[in-house]
Amino acid sequence: MYYVGIDVGGTNLAVGVINEQYQIISRSKAKTPESCDAKKMSALFGDLVLEALEKANLTLEDVPYVGVGVPAGINHDTGIIAFCANLDLRDWALQKDLSERLGGKPVLVENDANAAAFGEYKAGVLAGSKNALAITLGTGIGSGIIIDGKIYTGSNFMGGEAGHIVIEFGGRKCGCGRHGCWERYASASGLILTTKEFMQSECGKESIMWKLVDGNLDQVNGRTAFDAMRQGDACGKAVVDRFIEYLGCGIANMINILQPDIICIGGGISHEGETLLAPLREYVRKEEYAHNAKKTQICKAELGNDAGIIGAALLGI
């Protein structure tokens, strides 16, 4: 048996064909159109699916359905996406449109963060767990919750948006309209903001961070503080410590609510490995409620950018 998954990003569309060992055996991709109506977007998805199948010497007859992970909330009763901000599409009948493009082949649609979490659960570091949480640190914070082996989406299909729990009351304004959301502090974008704030108000020009960015705040990225810390810069370490506190605060909140077996962390910042994870675990252990009970494992995600493709492909399994 083979499966097909589509991962819809703001920059790229990626399609993969998956075998029974949950390995990607062929791929197709395209740049995400900056402007495209719903029908044309669905047709592009269909073309990419057919291209990936052809590369694997397969046809639609060889797959039971096509899975899609989209950065939006999906009404699973209707298959309609009310609003996909990244693609500026509203009331998008993706499930119906793509199925028609593929000759009636069933289509399953899920939020992209949920699909990535499901990919880690089926084929990655979350495999073997019963209850799990996947966190992706990017422009925002993507999160997916697995309970009893199933994606949790709540009664309105919008559950699992951990990035919008508030950790700093009255803090930085978030794109969702609230202030102080976790993703405004613990995402890659949040880390960049914190780095710039420290460089401008607490570090002074002697900080190595200024040298790393050639004196230009616009060149600050998610590695700047970590790189400075590795070179012995006290202010770089202060930024990293603050970031770990922000990240740990949200993770401790999620553990106290869900008590999952395991949490995995993905995204570019996760490449810091134990430099990030060791002090993060130490912080969380001090903050979690269940002091004398089984501890939630905290680890790095395993599948990287393939998690969304694999998870989408396996939505029907």
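How many residues apart in helix 8 are Arg 242 and Glu 245? Hold that thought for a second while I set the scene.

Okay, so this is a predicted model. The protein chain has 10 helices and 13 strands. A compact globule of 317 residues would have a radius of gyration near 20 Å, and this chain comes in at 20 Å, so the two agree. If you lay the C-alpha trace along its principal axes, you get a span of about 60 × 50 × 35 Å. Half the story is inside: 50% of the residues count as buried. And of the contacts with a separation of 6 or more, 61% are between residues 24 or more positions apart.

Now, charges. There are 30 positive and 38 negative ones, and their mean positions sit 2 Å apart. The salt bridge count comes to 16.

Back to my opening pair. Arg 242 and Glu 245 are three residues apart in helix 8, residues 234-258, which means about one helical turn between them. They form a salt bridge, with the closest N and O atoms 3.7 Å apart. Arg 242 is partly exposed at 31%, and Glu 245 is partly exposed too, at 36%.

Helix 2 has a similar story. Glu 100 and Lys 96 are four residues apart there, again about one helical turn, and their side chains meet at 3.0 Å, N to O. Those two also belong to a salt-bridge network with Lys 39 and Asp 97.

Last one: Lys 130 bridges to Asp 148 at 3.7 Å. Lys 130 is in the loop between helix 3 and strand 9, Asp 148 in the loop between strands 10 and 11, so the pair ties together parts 18 residues apart in sequence.

Key. Residues are numbered from 1 along each chain as its sequence is written. This is a predicted model: local features need pLDDT of at least 70, side-chain atom pairs count only at pLDDT 80 or more; totals for chains, interfaces and linings use all residues. Side-chain values use heavy atoms; hydrogens and water are left out. Helices (H or I, at least four residues) and strands (E, at least two) are DSSP runs, numbered from the N terminus. The radius of gyration is taken over C-alpha atoms; the globule rule is 2.2 Å times the number of residues to the power 0.38. Buried means under 20% relative accessible area, exposed over 50%, partly exposed in between (1.4 Å probe, protein chains only). Contact means heavy atoms within 4.5 Å. Lys and Arg count as positive and Asp and Glu as negative; His and the chain ends are not counted. The place of a charge is taken as NZ of Lys, CZ of Arg, CG of Asp or CD of Glu. A salt bridge is a side-chain nitrogen of Lys or Arg within 4 Å of a carboxyl oxygen of Asp or Glu.
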